[in-house]
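This report is for a reader who has not met this structure before. Please look over the sequence and the model first.

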Amino acid sequence: MFDHFPAEKAHRILESGPIVLVSTRGVDGQANLMTMGFHMMMQHEPALVGVIIGPWDHSHRALVETGECVLAVPTVELAETVVDIGNCSGDTMDKFQHFGLTAVAAETVGAPLVRECWANLECRISDSEWSSRYNLFVLEVQRIWIDNEKEEKRLIHHQGDGRFSVDGEQIDLHQRMVKWRYLM
Ligand SMILES: Cc1cc2nc3c(=O)[nH]c(=O)nc-3n(C[C@H](O)[C@H](O)[C@H](O)COP(=O)(O)O)c2cc1C
């Protein structure tokens, strides 16, 4: 039978999207990175992503000041770095330099891409109406960069408390998606 599981730990079950790095560049020109697990797709076109970024994060100020960020999607070999980036603050350090990551100029936003990540999504805030209540920002994706030469493509998914699952076998049920052909 089922056992009870604490309601406040819902994130351990539902937070299965890939962990991402949020790259920002403040008006002072300083680039920064934070780790983020709370995000969700909200719309196909234009592509909107809801992200939870709290005022406790140094990144919050740069995001609010500039309205821009990059969502960089790491693969499994960066897992330890990703956790460490989420356990220190850009207030006191240059995380790109400290973690040996390479900042690459983006095209549509001032925040840099992360060279070592498989995908980078340039984003601009589309709606911050819910930010004071839920720390929720709705981002519109402006441009996406994919590193097709990267051999490691397994993404990591935070299951809470520093535990992650790693992408495994894929099953292709594309042919059964008869109702949604226009979205593919
Ligand atoms: C696995 C993991 C997931 C996290 N997810 C979020 C998140 O979704 N939203 C958030 O505001 N902070 C999240 N954090 C916390 C920030 O990454 C952390 O506060 C970080 O130190 C912020 O860096 P900054 O102060 O340089 O911006 C997460 C941290 C870890 C380790």
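The sections below take up the annotated domain, the ligand, the strands, the backbone and the cysteines.

## Model and annotated domain

The structure is a predicted model. An unreviewed UniProt entry carries the annotation "domain: Flavin reductase like", and this covers residues 12-164. Over residues 12-164, helix accounts for 18% of the chain and strand for 37%. The C-alpha atoms at the two ends of this stretch are 10 Å apart.

## The ligand and its surroundings

There are 25 residues around the ligand, and those that come nearest are Ile52, Asp57, Ser59, Cys88 and Gly90.

Backbone atoms make polar contacts with the ligand at several places. For phenylalanine 38, a backbone N or O atom lies 2.9 Å from a ligand oxygen atom. For glycine 54, a polar backbone atom is 3.1 Å from an oxygen atom of the ligand. For glycine 90, the distance from a backbone N or O atom to an oxygen atom of the ligand is 2.7 Å. The ligand exposes 650 Å² when taken alone, and the protein buries 86% of that.

## Strands S1 and S2

Strand S1 (residues 20-25) and strand S2 run antiparallel and are joined by 6 bridges. One of the facing pairs sets leucine 21 opposite threonine 35 in S2. The two strands form a hairpin, with 5 residues between S1 and S2. Glycine 29, in the turn, has a positive phi of about 90 degrees.

How much of strand S2 (residues 31-36) is buried? The strand is mostly covered, with 6 of its 6 residues buried. On one side these are Ala31, Leu33 and Thr35, and on the other Asn32, Met34 and Met36, so that both faces of S2 are covered.

## Strands S5, S8 and S9

Strand S8 (residues 119-127) pairs with strand S5 (residues 68-73) in the antiparallel sense, over 6 bridges. S8 is also joined to strand S9 (residues 136-146) by 8 bridges, and these two strands run antiparallel as well. In the pairing with S9, isoleucine 125 stands opposite leucine 139.

Glutamate 68 lies in strand S5, and its bridge partner in S8 is arginine 124. Glutamate 68 has a relative accessible area of 18%, so it counts as buried. A polar atom of the glutamate 68 side chain lies 2.7 Å from the backbone nitrogen of glycine 110.

Arginine 143 is found in strand S9. With a relative accessibility of 33%, arginine 143 counts as partly exposed. Arginine 143 and alanine 47 are 96 residues apart in sequence, while their C-alpha atoms are 9.9 Å apart in space.

## Backbone features

Most residues other than glycine have a negative phi, and most peptide bonds are trans. The residues in this section depart from one or the other of these patterns.

Glutamate 45 and proline 46 are joined by a cis peptide bond, with omega at about -5 degrees. Proline 46 is placed in the loop between strand S3 (39-43) and strand S4 (48-52).

Asparagine 135 is not a glycine, yet has a positive phi of about 55 degrees. Its place is the loop between helix H5 (131-134) and S9. Aspartate 161 also has a positive phi, near 60 degrees, and is found in the loop between strand S10 (156-158) and strand S11 (164-166). Are these two residues buried or exposed? Asparagine 135 counts as buried at 17% relative accessibility, whereas aspartate 161 is exposed, with a relative accessible area of 52%.

## Cysteines

A disulfide is a covalent bond between the sulfur atoms of two cysteines. The cut-off used here is a sulfur pair within 2.5 Å. How many disulfides does this rule give? The count is 0. Cysteine 88 is in no disulfide, and the nearest cysteine sulfur to its own, that of cysteine 117, is 15 Å away. Cysteine 88 counts as partly exposed, at 25% relative accessibility.

Why is there no bond at cysteine 123? The closest cysteine sulfur to that of cysteine 123 belongs to cysteine 69 and is 5.0 Å away, which is too far for a bond. Cysteine 123 is buried, with a relative accessible area of 0%.

Definitions and conventions: Residues are numbered from 1 along each chain as its sequence is written. This is a predicted model: local features need pLDDT of at least 70, side-chain atom pairs count only at pLDDT 80 or more; totals for chains, interfaces and linings use all residues. Side-chain values use heavy atoms; hydrogens and water are left out. Buried means under 20% relative accessible area, exposed over 50%, partly exposed in between (1.4 Å probe, protein chains only). UniProt positions are given in the numbering used here, feature names are shortened, and annotations may be inferred rather than shown by experiment. Helices (H or I, at least four residues) and strands (E, at least two) are DSSP runs, numbered from the N terminus. A residue is near a molecule or strand if one of its heavy atoms lies within 4 Å of it. A polar contact is a pair of N or O atoms within 3.5 Å; within protein, one must be able to donate a hydrogen and the other to accept it, and residues adjacent in sequence count only if both atoms are side-chain atoms. Accessible areas come from the Shrake-Rupley method with a 1.4 Å probe; for residues, only the protein chains shown count as cover. Two strands pair if DSSP finds at least two bridges between them.
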